Amino acid sequence: MDPLLQVRVAAKRPVADGIAAFELAPLAGERLPVFEAGAHIDVHVPDGPVRQYSLYDLPDDPQRYRIGVLRDPQSRGGSAKLLDAVQEGDVISVSAPRNHFALERDARHSILFAGGIGITPILSMAQQLAREQRSFDLHYCGRSLSRMAFVEPLRRSGFAAQVHVHVDDGAASQQLQARRSIGRPAPGTHLYVCGPTGFMAHVLETARALGWDDAHLHREYFAAAPVDHSADGPFELALARSGAVVRVGADQSAAQALLDAGVGLSLSCEQGVCGTCMTRVMDGVPDHRDLYLTDAEHARNDCFMPCCSRSRTPRLVLDL
Ligand code: FES
């Protein structure tokens, strides 16, 4: 794992109902790694969990990371702690930026879909595409304008004509018509979506129904939907390199069983979103429950996310 970066909260301000923007600056004499549109950082919430936040702006001064934090009513100490306990001037730990949601370099046209706080990586993507004078459209959906961050900056931007705002409580004429906005697949056209799970499923399923293939569909999840664990059973993990066998109980994750057995494993989101714990599978069939891998990658069954995924076979053989 990369060493953590210490950053100072240089600014914190509300940008919509329930959303605050944090601007993070390096400590004196230090420099922050550069990033590209779509990147996120892990934020180590003080006395709390690790959470992923997309970097929402491509600043002219790259020595700033900007994140938007939405208050999650179900928060178990992540967003609520950041919003309530972290103030301007505080120093917090973050990871270097990672990017699993990068723009395709050779795209001829890009269609960007943001739902709610999903605007954060999508805003950076629109800025990057605009700077590079590349063709794109941005569809930004939300429940009401007061809960949507960055609408005014988008409307004032040099690419305002490519921005389409769709508000649930607005006029029928501006509601998102997903089939029309997505259209039939075309060579060189890529679709990017970020937002709540239901919104993303709607956009992705509509695109697939229109004939798009997964290689042109790009997505970034913030959090996994609740999973029903009532039918979970035990299974074994055979570690090919060490020869050890680790038993996973019905009431624990594979990652927890590995850590309890002293096997080194990097974890971050612990809900199948970030890809940090990805582990190679040499034999057996995983029960994939992550949102990180695509359907085609799941079908290969050659890797899995032990933080959330389980096994369909009594044993998985892992490259550990
Ligand atoms: S820790 Fe994030 S996918 Fe497993």
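Trainee: How many bridges join strand 12 (residues 235–239) to strand 13 (residues 245–248)?

Mentor: This is a predicted model, in which local features need pLDDT of at least 70, side-chain atom pairs count only at pLDDT 80 or more, and totals for chains, interfaces and linings use all residues. Residues are numbered from 1 along each chain as its sequence is written. Strands (E, at least two residues) and helices (H or I, at least four residues) are DSSP runs numbered from the N terminus, and two strands pair if DSSP finds at least two bridges between them. Strands 12 and 13 run antiparallel, and the number of bridges joining them is four.

Trainee: Which residue in the turn of this hairpin has a positive phi?

Mentor: The bridge partner of F235 in strand 13 is V248. Five residues lie between the two strands, and a positive phi of about 85° belongs to G243.

Trainee: Which residue of strand 18 (residues 315–318) stands opposite L239?

Mentor: Strand 12 also pairs with strand 18, in the parallel sense and over four bridges. In that strand, the residue opposite L239 is L318.

Trainee: Why is one side of strand 4 (50–54) and of strand 5 (65–70) left without a neighbour in the sheet?

Mentor: Six strands make up an open, antiparallel sheet in the order 4-3-6-1-2-5. Strands 4 and 5 have one free side because they stand at the edges, each with a single partner strand.

Trainee: In the same sheet, what is the bridge partner of R8 in strand 2?

Mentor: Strand 1 (residues 5–16) pairs with strand 2 (residues 19–26) in the antiparallel sense, over eight bridges. Across that pairing, the partner of R8 is A25.

Trainee: Is the β-α-β crossover from strand 7 to strand 8 right-handed or left-handed?

Mentor: Strand 7 (residues 109–115) and strand 8 (residues 135–142) run parallel and are joined by seven bridges, one pair being I111 and D137. The chain passes from strand 7 through helix 2 to strand 8. With the strands pointing away from the viewer, a clockwise path from the first strand over the helix to the second counts as right-handed. This crossover is right-handed.

Trainee: How many of the seven residues of strand 7 are buried?

Mentor: Strand 7 also pairs with strand 10 (residues 189–194) in the parallel sense over six bridges, and A114 stands opposite C194 there. A residue is buried if 20 or more other C-beta atoms, placed from the backbone, lie within 10 Å of its own, exposed if 12 or fewer do, and partly exposed in between. Strand 7 is mostly covered, and the number of its residues that are buried is six.

Trainee: Which helix gives the most to the largest nonpolar core?

Mentor: A nonpolar core is a set of buried Ala, Val, Leu, Ile, Met, Phe, Trp, Tyr and Cys residues joined through C-beta atoms within 7 Å. The largest one has 77 residues, and L112 and I122 have the most contacts inside it. With six residues from 119–131, the element that gives the most is helix 2.

Trainee: Beyond its neighbours within four places in sequence, which residues are in contact with I122?

Mentor: Two residues are in contact if their C-beta atoms, placed from the backbone, lie within 7 Å. With sequence neighbours within four places set aside, the partners of I122 are L112, A114, L138, Y192 and C194.

Trainee: What share of the 320 residues of the protein chain counts as buried?

Mentor: The protein chain has seven helices and 18 strands, and its C-alpha trace spans about 60 × 50 × 35 Å along the principal axes. The buried share of its 320 residues is 37%.
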